[in-house]
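Colleague: Could you open the model for me? I'd like to go through it slowly with you.

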Amino acid sequence: MPEVIFNGPAGRLEGRYQPSKEKSAPIAIILHPHPQFGGTMNNQIVYQLFYMFQKRGFTTLRFNFRGIGRSQGEFDHGAGELSDAASALDWVQSLHPDSKSCWVAGYSFGAWIGMQLLMRRPEIEGFMSIAPQPNIYDFSFLAPCPSSGLIINGDSDKVAPEKDVNGLVEKLKTQKGILITHRTVEGANHFFNGHVEKLMAECEDYLDRRLDGELVPEPAAKRIR
């Protein structure tokens, strides 16, 4: 798993990058939890998500937001971190010009950044938001949410209470043209302590079904003339 350094908007960014053998393979970017609360690209869940996409033939990148590890810059309350994520996607795409599609997976703070990136990049066709925090971060920018994806949380999460996540899911589910899949991991807290295996099983099942063409909206029936 090559260590990489690439240019970001506030200086160099440090990442781990695994290119696919296929030139046109899709790209997956994995975004880590809050930089000021111990979040790094080496978080166990971030690592497992990286490995999940890599095993399925994706060109995969996880990286440290600005100010973490060897990434330069300082924490920027989300705006700068979104720019970091956009630069990371630009960098991978510059190496893989034949790749047509992309997925983004984010955990906690990374889920908020990932959903914002989704709004700005039409090539992102799928997302995974693990333990998003609509009680803390504003998700109203998802108007409308452009892609189908998975939202997954623990029912014992005190950092992102279940009722708030459910509210976000219900709002997104009313939107046409996408399919939001919601899964809850029973007994899991925000860190999925003792439940990472179950979390990853749900993420893997979702990804495999999407790669098989499932869990997307039925094409609209053609109007009879």
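Colleague: Let me start with one residue: is Cys102 buried or exposed?

Modeller: Keep in mind as we go that this is a predicted model. Cys102 has a relative accessibility of 1%, and because buried means under 20%, Cys102 counts as buried.

Colleague: And how far is its sulfur from the closest cysteine sulfur?

Modeller: The closest cysteine sulfur belongs to Cys145 and lies 14 Å from the sulfur of Cys102, which is too far for a bond. A disulfide is a covalent bond between the sulfur atoms of two cysteines. A search of the whole structure finds zero disulfides. Cys203 is likewise in no disulfide, since its nearest cysteine sulfur, that of Cys102, is 16 Å away, and Cys203 counts as buried at 0% relative accessibility.

Colleague: Okay, on to the sheet. In what order do the strands come?

Modeller: Eight strands form an open sheet with mixed pairing, and their order is β1-β2-β4-β3-β5-β6-β7-β8. The strands at the edges are β1 (3-8) and β8, and each has a single partner strand, so one side of each is left without a neighbour in the sheet. From one strand to the next, the twist averages 20 degrees.

Colleague: What holds strands together in a sheet, generally?

Modeller: Strands of a sheet pair through backbone hydrogen bonds, and the pairing is either parallel or antiparallel. Here, β1 pairs with β2 (residues 11-18) in the antiparallel sense over six bridges, and within that pairing Asn7 has Arg12 of β2 as its bridge partner.

Colleague: Which strands does β3 pair with in the parallel sense?

Modeller: One of them is β4 (residues 59-63), which pairs with β3 over four bridges, and another is β5 (residues 102-107), which is joined to β3 by five bridges. Ile27 of β3 is a good residue to look at in both pairings, as Ile27 stands opposite Thr59 in β4 and also opposite Cys102 in β5. That brings us back to the buried cysteine we started with.

Colleague: Why is β3 largely enclosed by the rest of the structure?

Modeller: Five of the five residues of β3 (residues 27-31) are buried, so the strand is largely enclosed. Both of its faces are covered, with Ile27, Ile29 and Leu31 buried on one side and Ala28 and Ile30 buried on the other.

Colleague: Where do helices come into this? Which unit does α1 help to make?

Modeller: Helix α1 (residues 44-55) belongs with β3 and β4 to a right-handed β-α-β unit. Another helix, α4 (residues 162-173), packs on the sheet and touches β7 and β8, and the direction of α4 makes about 165 degrees with that of β8.

Colleague: Changing topic, what about the backbone? Which residues does the cis peptide bond join?

Modeller: The cis peptide bond joins Ala143 and Pro144, with an omega of about -5 degrees, and Pro144 sits in the loop between β6 (124-130) and β7 (149-154). Phe192 is also worth a look, because it is not a glycine and yet has a positive phi of about 55 degrees, while counting as buried at 0% relative accessibility. Phe192 lies in the loop between β8 (180-185) and α5 (196-211).

Colleague: Last one: what does the UniProt annotation cover?

Modeller: An unreviewed UniProt entry annotates residues 17-138 as "domain: Xaa-Pro dipeptidyl-peptidase-like". In the model, that span is 34% helix and 20% strand, and its end C-alpha atoms lie 30 Å apart.

How values were computed
Residues are numbered from 1 along each chain as its sequence is written. This is a predicted model: local features need pLDDT of at least 70, side-chain atom pairs count only at pLDDT 80 or more; totals for chains, interfaces and linings use all residues. Side-chain values use heavy atoms; hydrogens and water are left out. UniProt positions are given in the numbering used here, feature names are shortened, and annotations may be inferred rather than shown by experiment. Helices (H or I, at least four residues) and strands (E, at least two) are DSSP runs, numbered from the N terminus. Buried means under 20% relative accessible area, exposed over 50%, partly exposed in between (1.4 Å probe, protein chains only). Two strands pair if DSSP finds at least two bridges between them. Axes are lines fitted to C-alpha atoms, for helices over the stretch in contact, and angles run from 0 to 180 degrees between N-to-C directions. Contact means heavy atoms within 4.5 Å. A crossover is right-handed if, with the strands pointing away from the viewer, the path from the first strand over the helix to the second runs clockwise. A disulfide is a pair of cysteine sulfur atoms within 2.5 Å.
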